[in-house]
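Colleague: I'm new to reading models like this one. Could you walk me through how you justify the words you use?

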Amino acid sequence: MASSNFTSIPTIDLSKITSPSSKAKLLYDLRHALLSVGFLYVTNHSVPDHVIKELVNALPLLFDLPSFAKNEVALQNSSHFLGYSETGAETTAGKVDAREQFEFSTELIDDWTPENLLADRLKGPNQWPSAYPELRQVVERYIEELTRLSEKFLELVAEALDLPPTTFLSFLSDQHRLKLVHYPQSLPGVTDGQGVGPHKDSSGWWTFLLQASDPSVKGLQALNKSGDWIDVPNIPGTFVVNIGQGFEVVTNGVCKATTHRVLSGPSERFGVPFFQGMRRDLTKEEAVGTLKEHFEAGRFAREEVGMESQEGRQIDSAFLRGKYDTWGETQLRTKIRSHRDVGRKFYGDVFEKYTNDD
Ligand SMILES: O=C(O)CCC(=O)C(=O)O
Ligand SMILES: [Fe+2]
């Protein structure tokens, strides 16, 4: 296997599933990507072209809507953290991100009552902008396709890690989240501004990112194990796939969530991350304990596994450090810390606790 210190991102061709010999090669390559990189591209992923194109075409129209049309679906209205947040409303790694975004999820009803887990309040309906009625169908179709792809992918991941294909499916949530993100072009004279700061994805299992601008538009970078930032170029026909913090926990740190960031640049950029969700009621005990023996058994005990750069190690991972009991609570904490106005409005009882627990 190649060195862990990656300088480019591997590509996994999902059409190789069809024959046993090419599938063996796919699983071998995937295992390397999982253990040593944490970032990969998938090609031949079977998501229909037209589903992707319709979404890509919708993005400039959506972000061109006047402010009042965007703010009609403001994230501040939603105890589920679903809706529009304007540039300046989000911070990562202590700095303001230069991006605006619409956050959607699997369409669910809000049936939360105070007797339920507080984190179950994250579950609820989307807000759809009335100025763009066609958007709902486009987004729902895309979420449906990505839900399917991400489940199929999770089965391959299990096989690549010597586990039965369905191993990870029981950890899945009923709610997956999708963000439509717009990074405005940076101001003249400003180079390498923060589109989104260094982070590991905290929404769950795996992220499937569509880089939705022209391939000449750069910005996304992943941190390798020596602490160098590696460009993740936009390759047409692919999704960028990366490990989230939940998966890092369940694999006992054998598969690390890779730290990444987006730099803003001279051209505007669109990105569409799909975050495959993890059960909100999953406890740390269950997450770490279920596959502990498998991941500690020595089969992954190569020098580079589990290694991480200094900068990567410093990324906040509250669930891993055992601060809160459930995955859902950790996710709620992250959301409240990123969107403090929503936190104050809907989660006043826990706001101080979650924002002052460093
Ligand atoms: O826009 C991108 O390319 C990446 C966005 C991202 O990493 C995130 O929102 O978690
Ligand atoms: Fe991310």
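Colleague: By class, how many nonpolar, polar and charged residues does the shell around ligand 1 have?

Modeller: Bear in mind that this is a predicted model. The shell has five nonpolar, three polar and four charged residues.

Colleague: Which residues around ligand 1 are they?

Modeller: Here's the list: Arg-99, Lys-179, Tyr-183, His-199, Asp-201, Leu-209, His-260, Val-262, Arg-269, Gly-271, Pro-273 and Phe-275.

Colleague: What makes the pair between ligand 1 and the side chain of Tyr-183 a polar contact?

Modeller: An oxygen atom of ligand 1 sits 2.6 Å from an N or O atom in that Tyr-183 side chain. The cut-off is 3.5 Å, so the pair counts as a polar contact. The side chain of Arg-99 also has an N or O atom 3.0 Å from a ligand oxygen, and for the side chain of His-199 the distance is 3.0 Å.

Colleague: How much of ligand 1 does the protein bury?

Modeller: Taken alone, ligand 1 exposes 300 Å², and the protein buries 97% of that.

Colleague: Which elements give two or more residues to the shell around ligand 1?

Modeller: Those are strand S7 (177-183), strand S13 (260-264) and strand S14 (269-277). S14 gives the largest share, four residues.

Colleague: Let's move on to the helices. Why is H1 called roughly perpendicular to H4?

Modeller: H1 (residues 20-37) and H4 (residues 135-160) pack at an angle of about 85°, with their axes 9 Å apart. Roughly perpendicular covers 65 to 115 degrees, so the label fits H1 and H4.

Colleague: And which residues make that contact of H1 with H4?

Modeller: H1 brings Lys-23, Leu-26, Leu-27, Leu-30, Arg-31 and Leu-34, while H4 brings Phe-153, Leu-156, Val-157, Glu-159 and Ala-160. They divide into eight nonpolar, no polar and three charged.

Colleague: How do you know that H9 and H11 are roughly perpendicular to each other?

Modeller: Same kind of check! The axes of H9 (residues 327-338) and H11 (residues 348-355) come within 10 Å and cross at roughly 85°. That angle falls in the 65 to 115 range, so H9 and H11 are roughly perpendicular too.

Colleague: What classes of residue does the contact of H9 with H11 have?

Modeller: Five nonpolar, one polar and four charged. Among them are Leu-332 and Ile-336 of H9, and Val-350 and Phe-351 of H11.

Technical notes. Residues are numbered from 1 along each chain as its sequence is written. Chains are lettered from A and ligands numbered from 1 in the order in which they are written. This is a predicted model: local features need pLDDT of at least 70, side-chain atom pairs count only at pLDDT 80 or more; totals for chains, interfaces and linings use all residues. Side-chain values use heavy atoms; hydrogens and water are left out. A residue is near a molecule or strand if one of its heavy atoms lies within 4 Å of it. A polar contact is a pair of N or O atoms within 3.5 Å; within protein, one must be able to donate a hydrogen and the other to accept it, and residues adjacent in sequence count only if both atoms are side-chain atoms. Accessible areas come from the Shrake-Rupley method with a 1.4 Å probe; for residues, only the protein chains shown count as cover. Ala, Val, Leu, Ile, Met, Phe, Trp, Tyr, Cys and Pro count as nonpolar, Asp, Glu, Lys and Arg as charged, and the others, Gly among them, as polar. Axes are lines fitted to C-alpha atoms, for helices over the stretch in contact, and angles run from 0 to 180 degrees between N-to-C directions. Angles under 35 degrees count as roughly parallel, over 145 as roughly antiparallel, 65 to 115 as roughly perpendicular and the rest as oblique. Contact means heavy atoms within 4.5 Å.
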